[in-house]
Amino acid sequence: MIRHLVLFKLNEGVERDDPRVVAGAAAFRALGGQIEELRFWECAWNISDRPIAYDFAINSAVEDTDALTRYLEHPAHQAGVALWREFATWVIADYEF
């Protein structure tokens, strides 16, 4: 199995209630039911107010690297990524477990 973690940081001046952010979060929440490669899916807003904290997180799992590639290339995933590019940056980690 491959764990796929993503941490998002909203751009300076962008708030969670910005309509673009609301749409982006909704798009990612829906992915768990849209992409069959996903074996585990959760995403949520950070609840910590620590200055080093990121704002939004995705924790997911797929069977193998081929499934990860199919997930990353899936049109629903690509559409969500396109939304987030407008207002955030992110870091990822993919590892076997």
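Helices, with at least four residues, and strands, with at least two, are runs assigned by DSSP and numbered from the N terminus. All the views below show a predicted model.

**The stretch listed as a domain.** The unreviewed UniProt entry lists residues 2-95 as "domain: Stress-response A/B barrel". Over these residues the chain of the model is 35% helix and 32% strand, and the C-alpha atoms at the two ends of the stretch are 5 Å apart.

**Helix α3 and its buried face.** Along helix α3, which covers residues 75-85, the buried residues are A76, H77, G80, V81 and W84. Viewed down the helix axis, these residues fall within an arc of 135°, so they line one face of α3. An α-helix has 3.6 residues a turn, so residues that are three or four places apart point the same way. The exposed residues P75 and R85 are carried on the face of α3 that is turned away from the buried side. Against the buried residues of α3 pack the strands β1 (2-10), β2 (40-45), β3 (56-62) and β4 (88-96), together with the helices α1 (19-31) and α2 (65-73).

**Helix α2 and the elements that cover it.** In α2 the buried residues are A67, L68 and Y71. Around the helix axis they cover an arc of only 105°, which puts them on the same side of α2. The cover over these buried residues includes the strands β1, β2, β3 and β4 as well as the helices α1 and α3.

**Strand β3 between its pairing partners.** Strand β3 is mostly covered, since 6 of its 7 residues are buried. With β1 it pairs in the antiparallel sense over 7 bridges, and with β2, which also runs antiparallel to β3, it is joined by 6 bridges. The residue to look for in this view is N59 of β3, because L5 stands opposite N59 and N59 is also the bridge partner of E42.

**The two faces of strand β2, with C43 at the centre of the view.** In a regular strand the side chains alternate between the two faces of the sheet. Strand β2 has a covered face with W41, C43 and W45, and an uncovered face with F40, E42 and A44. On the covered face, C43 counts as buried, because its relative accessibility is 16% and the cut-off for buried is under 20%. Apart from neighbours within four places in sequence, C43 is in contact with F28, R29, F56, A57 and I58. D18 is 25 residues from C43 in sequence, and the C-alpha atoms of the two residues are 18 Å apart in space.

**A buried glutamate, E37, in a loop.** E37 lies in the loop that runs between α1 and β2, and with a relative accessible area of 12% it is buried. When neighbours within four places in sequence are left aside, the residues in contact with E37 are A61, V62, E63, A67 and R70. One of these contacts, V62, is 25 residues away from E37 in sequence, while the C-alpha atoms of E37 and V62 are 5.9 Å apart in space.

**The aromatic pair F8 and W90.** A search of the whole structure finds 10 aromatic pairs. A pair of aromatic rings is described by the distance of the centres and the angle of the planes. F8 and W90 form a tilted pair, with 5.3 Å from centre to centre and 50° between the planes. F8 lies in strand β1 and W90 in strand β4, so the pair ties together parts of the chain that are 82 residues apart in sequence. F8 is buried, with a relative accessible area of 3%, whereas W90, with a relative accessible area of 30%, is partly exposed. Both rings belong to one aromatic cluster, which is formed by F8, F28, W45, F56, W84, F87 and W90.

**Charged ends over aromatic rings.** This view shows two places where the charged end of a side chain sits over a ring. The charged end of R3 sits over the ring of F97, at 4.4 Å from the centre of that ring. The charged end of K9 sits over the ring of Y54, at 5.5 Å from the ring centre.

Conventions. Residues are numbered from 1 along each chain as its sequence is written. This is a predicted model: local features need pLDDT of at least 70, side-chain atom pairs count only at pLDDT 80 or more; totals for chains, interfaces and linings use all residues. Side-chain values use heavy atoms; hydrogens and water are left out. Buried means under 20% relative accessible area, exposed over 50%, partly exposed in between (1.4 Å probe, protein chains only). The arc is that of the directions from the helix axis to the C-beta atoms. Contact means heavy atoms within 4.5 Å. Rings of Phe, Tyr and Trp (its six-membered ring) pair if their centres lie within 6.5 Å; planes under 30 degrees apart count as stacked, over 60 as edge-to-face and the rest as tilted. A charge sits over a ring if NZ of Lys or CZ of Arg is within 6 Å of the ring centre and within 35 degrees of the ring normal. Two strands pair if DSSP finds at least two bridges between them. UniProt positions are given in the numbering used here, feature names are shortened, and annotations may be inferred rather than shown by experiment.
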